Amino acid sequence: MLARWDRIDVLVNNAAVVTPGDKIGDLSAANWHQALSINLTGAWLMSKWALAPMRRARRGVVINVASQLGSVAAAGRGAYGASKAGMIALARAIAVDHADEGIRALSLSPGAVLTGRVLRRYGNAEAARQALAPRYPLGRLGEVEEVARTALFLMGKDAAFITGTDVRVDGGYTAI
């Protein structure tokens, strides 16, 4: 990519693994390390790589797709939540370390969104809605497009003064 365009304007760290729903006391070291390695260390490695051309250009945006579970706990999701909390902290650190080089960094924390992963977990959209929607003040699950539009806004010039923060697209879940 750099050979063709010689720059990186935006990095979106969105790779993630969800480990089995074990309680912390039952969670295997392998599953803990897998969540941290893929979700957090992967985001750090990609950021480290992308920051070099961003620093040369004196501009860029890093968006870490975290989760509402980086701010609140859910039973059986300790490794996932810890890795996503780390991604929130990583975005803040990048923002502080590289603001003077014209680089912004944020985390974007969706709530339950009707993705393939949610559909696989619950079997279908209606089952997911029945199980999860009552937990959200807006009374519904998020749509992929809502998260994507928020990310696009954060990448753009209208968000030029937004950095070092976590933007929650969670239907009010973390407000209660």
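Author: Helices (H or I, at least four residues) and strands (E, at least two) are DSSP runs, numbered from the N terminus. The model here is predicted: local features need pLDDT of at least 70, side-chain atom pairs count only at pLDDT 80 or more, and totals for chains, interfaces and linings use all residues. Residues are numbered from 1 along each chain as its sequence is written, and side-chain values use heavy atoms, with hydrogens and water left out.

Reader: Which residue follows α2, and what is the sign of its phi?

Author: Most residues other than glycine have a negative phi. Here α2 is followed by arginine 58, which is not a glycine yet has a positive phi of about 60°. Arginine 58 sits in the loop between α2 and β2.

Reader: Which residues of α2 are buried?

Author: Buried means under 20% relative accessible area, exposed over 50%, and partly exposed in between (1.4 Å probe, protein chains only). In α2 the buried residues are Asn31, Ala35, Asn39, Ala43, Ser47, Ala50, Leu51, Pro53 and Met54. They pack against α1 (2-5), β1 (10-13), β2 (60-65), α3 and β3.

Reader: What does asparagine 39 touch?

Author: Contact means heavy atoms within 4.5 Å. Asparagine 39 belongs to helix α2 and has a relative accessible area of 0%, so it is buried. Leaving out residues up to four places away in sequence, asparagine 39 touches Ala15, Ala16, Val17, Gln34, Tyr80, Ser83, Lys84 and Met87. Aspartate 6 is 33 residues from asparagine 39 along the chain, and their C-alpha atoms are separated by 27 Å.

Reader: How many bridges join β1 to β2, and in which sense do these strands run?

Author: Strands pair if DSSP finds at least two bridges between them. Between β1 and β2 there are four bridges, and the two run parallel. Valine 10 has valine 61 of β2 as its bridge partner.

Reader: Where do the side chains of β1 point?

Author: They alternate along the strand. Leu11 and Asn13 face one side and are buried, whereas Val10 and Val12 face the other and are not.

Reader: How many residues of β3 are buried?

Author: Eight of its eight residues are buried, so β3 is largely enclosed by the rest of the structure. Ile103, Ala105, Ser107 and Ser109 point one way from this strand, and Arg104, Leu106, Leu108 and Pro110 the other way.

Reader: With which strands does β3 pair?

Author: β3 pairs with β2 in the parallel sense over six bridges, and the partner of valine 61 in β3 is arginine 104. β3 also pairs with β4 (residues 166-169), again parallel, over four bridges. There proline 110 is matched with valine 169 of β4.

Reader: Which members of the largest nonpolar core touch the most other members?

Author: A nonpolar core is a set of buried Ala, Val, Leu, Ile, Met, Phe, Trp, Tyr and Cys residues joined through side-chain atoms within 4.5 Å. The largest one has 15 residues, of which Leu11, Ala50, Leu51, Met54, Val62, Ile94 and Ala105 touch the most other members. α2 (29-57), α3 (78-98) and β3 (103-110) each supply at least two residues of this core. α3 gives the most, with five residues. Another core lies apart from this one and has nine residues, among them Ala112, Leu114, Val118 and Tyr136.

Reader: What is valine 62 in contact with?

Author: Neighbours within four places in sequence aside, valine 62 is in contact with Leu11, Asn13, Ser47, Leu51, Met54, Ile94, Arg104, Ala105 and Leu106.
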